[in-house]
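Hi,

Here's the structure I promised to pass along. Have a look at it first, then read my notes underneath.

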Amino acid sequence: MAPKLERFVSPGKGDGLRAAARIQRGELVHSAEPLACCVSNKLSRHVCHHCFSRQETLLRCSQCKMARYCNTTCQKQAWLGHKRECKCLKSLLPRIPTDSVRLAARIIFGLLNPSQSRSEELFTLEDHESHLSSMSEQKKQGLSQLASMLELYLQQEVSDLEVTSALPPSCQEPLSLIAKVTCNCFTISDGELQEIGVGLYPSLSLLNHGCRPNCVMAFVGTKLHLRAVRDINPEEELTISYIETLSLTEDRRRQLEDQYHFTCHCELCDSQEKDGLMLSGNESTWCPLKEALPRLEGLKAESDWPALLENCSQLLSTVRDDVPDENLYKLKMTDMAIDASIHLGHWEEALGYGEKTLPVYRQYYPDPHPVHGVQLMRVGKLQHYLEHIEDALDTFRQAFKIIKLTHGVDHPMTTDLLMKMEECRSELDQKSSSCLRIEEN
């Protein structure tokens, strides 16, 4: 099958990817396995380090005490990639290297392993930009510390000679390799867009950013699927969003400049058209919400759900309708209230908050957008659990229209949605039959 994408030089951006033929909305553009990947440290106890699936209980590696697996099958299949890593992790105990250090090391381990063959890439590790020349001294200093950690991590398992032989010239310095990894790696997420790991996908690192992209990424395990979210013409550039776009233009641009070293001049940024809506309401009224967010994010990071829900509920009840639901800070706080309510089993409260967000999500995430689809699915599950069956079926239908395009009809998330819809139809049929029997009696 002819490839649907090709490498080209994008005006003002450098290397990029464009459509080699017409691509329809919802079409799978490209699939890729990572050159290397690892589970995020913060989720290492909850995600299998081989298949990247979430599990309640996992088998722990008896040597490094960090890697965990669904079962002995996953553990055996992972051993080739984990063998060297295991010794390195063990040598540093009780310290655990950062995700970027572990990913850089896994790249080296993979390149040292001749049995791991890879298909031809449009972009190689050598081609990746490190952006060291455009970084601030403060950021370089931070990366230098990670580079030192990488050297310490590898020292008992990989010699300098092996590193030199395995890596292309521009990657042989630990600082350069770490810089390339941090600038070009992808966050690996589950179907509900929750982070589970990081990986390097060389060819897809060519994709440039757009705050309103024409493609989105979805993962099945570690395999990345790139899908079109609108019709794309031949030779039109393919774009994804590097960041969460639900933020003010100034904040989006700052994040992109700090992390990816460019200033975004997409239509959404240049027009700043959504900023007014995000800041709707009287500033003196919504300012306390903005000021409280960092503290609330800290409570969320600590999983202090009772305190988080109490604070969110109090602040949201204080502003009530004086701040529109479209206000960015109110929306973020409402989302936190949903998370806290779900963790505490306060289902009615979670549903109340969730239903408030749906019209706002529709405005900020034009369909088909995976974030809107996932939010619809969350609300649908709450409606279903609370036996609002007709509402749940309608919400699931809306979610399905989006998810089948952003994730694909074969994705586990889409399958789960179809099952939920069938459950709702079955329950409504049973309810209808019961009502008929009562009427006949």
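Below is what turned up, going from the core to the surface charges and then the salt bridges. Keep in mind that this is a predicted model.

First, the core. The largest nonpolar core has 44 residues, and the members touching the most others are Ile-108, Leu-150, Tyr-153, Leu-154 and Leu-177. Elements giving two or more residues to this core include β4 (36–39), α1 (72–92), α3 (137–154) and β8 (195–200). Helix α2 supplies the largest share, with eight residues. One of the well-connected members, Ile-108, sits in that helix, α2. Its relative accessible area is 1%, so Ile-108 counts as buried, the cut-off being under 20%. As a general point, nonpolar side chains in soluble globular proteins tend to be buried together. If you want a distance to check, Ile-108 and Glu-137 are 26 Å apart in space, C-alpha to C-alpha, with their positions 29 residues apart in sequence.

Next, surface charge. Arg-25, Arg-397, Lys-401 and Lys-404 make up a positive patch. Of these, Lys-401 belongs to helix α14 (residues 389–406) and is exposed, at 60% relative accessible area. There is also a negative surface patch, made of Glu-355, Glu-390, Asp-391 and Asp-394. Helix α14 gives the largest share of the negative patch, three residues. Asp-391 is in α14 too, and at 42% relative accessible area Asp-391 is partly exposed.

Now the salt bridges: the whole structure has 23 of them. Three seemed worth writing down.

- Arg-7 and Asp-15 pair at 3.3 Å, N to O. Both are partly exposed, Arg-7 at 34% and Asp-15 at 33%. Together with Asp-127, they are linked in a network of salt bridges.
- Asp-190 and Arg-54 pair at 3.1 Å, N to O. This one links distant parts of the chain, 136 residues apart: Asp-190 is in the loop between β7 (186–189) and β8, and Arg-54 in the loop between β4 and β5 (59–60). Asp-190 is buried at 19% relative accessibility, whereas Arg-54 is partly exposed at 39%.
- Lys-381 and Glu-192 pair at 3.2 Å, N to O. Lys-381 is in helix α13 (residues 370–385) and Glu-192 in the loop between β7 and β8, so this pair ties together parts 189 residues apart in sequence. Lys-381 is partly exposed at 28%, and Glu-192 is partly exposed at 32%.

Cheers

Note on methods:
Residues are numbered from 1 along each chain as its sequence is written. This is a predicted model: local features need pLDDT of at least 70, side-chain atom pairs count only at pLDDT 80 or more; totals for chains, interfaces and linings use all residues. Side-chain values use heavy atoms; hydrogens and water are left out. Patches are made of residues with over 30% relative accessible area and no salt bridge: like charges are joined within 9 Å, nonpolar side chains (Val, Leu, Ile, Met, Phe, Trp, Tyr) within 5 Å. Accessible areas come from the Shrake-Rupley method with a 1.4 Å probe; for residues, only the protein chains shown count as cover. A salt bridge is a side-chain nitrogen of Lys or Arg within 4 Å of a carboxyl oxygen of Asp or Glu. Lys and Arg count as positive and Asp and Glu as negative; His and the chain ends are not counted. The place of a charge is taken as NZ of Lys, CZ of Arg, CG of Asp or CD of Glu. Helices (H or I, at least four residues) and strands (E, at least two) are DSSP runs, numbered from the N terminus. Buried means under 20% relative accessible area, exposed over 50%, partly exposed in between (1.4 Å probe, protein chains only). A nonpolar core is a set of buried Ala, Val, Leu, Ile, Met, Phe, Trp, Tyr and Cys residues joined through side-chain atoms within 4.5 Å.
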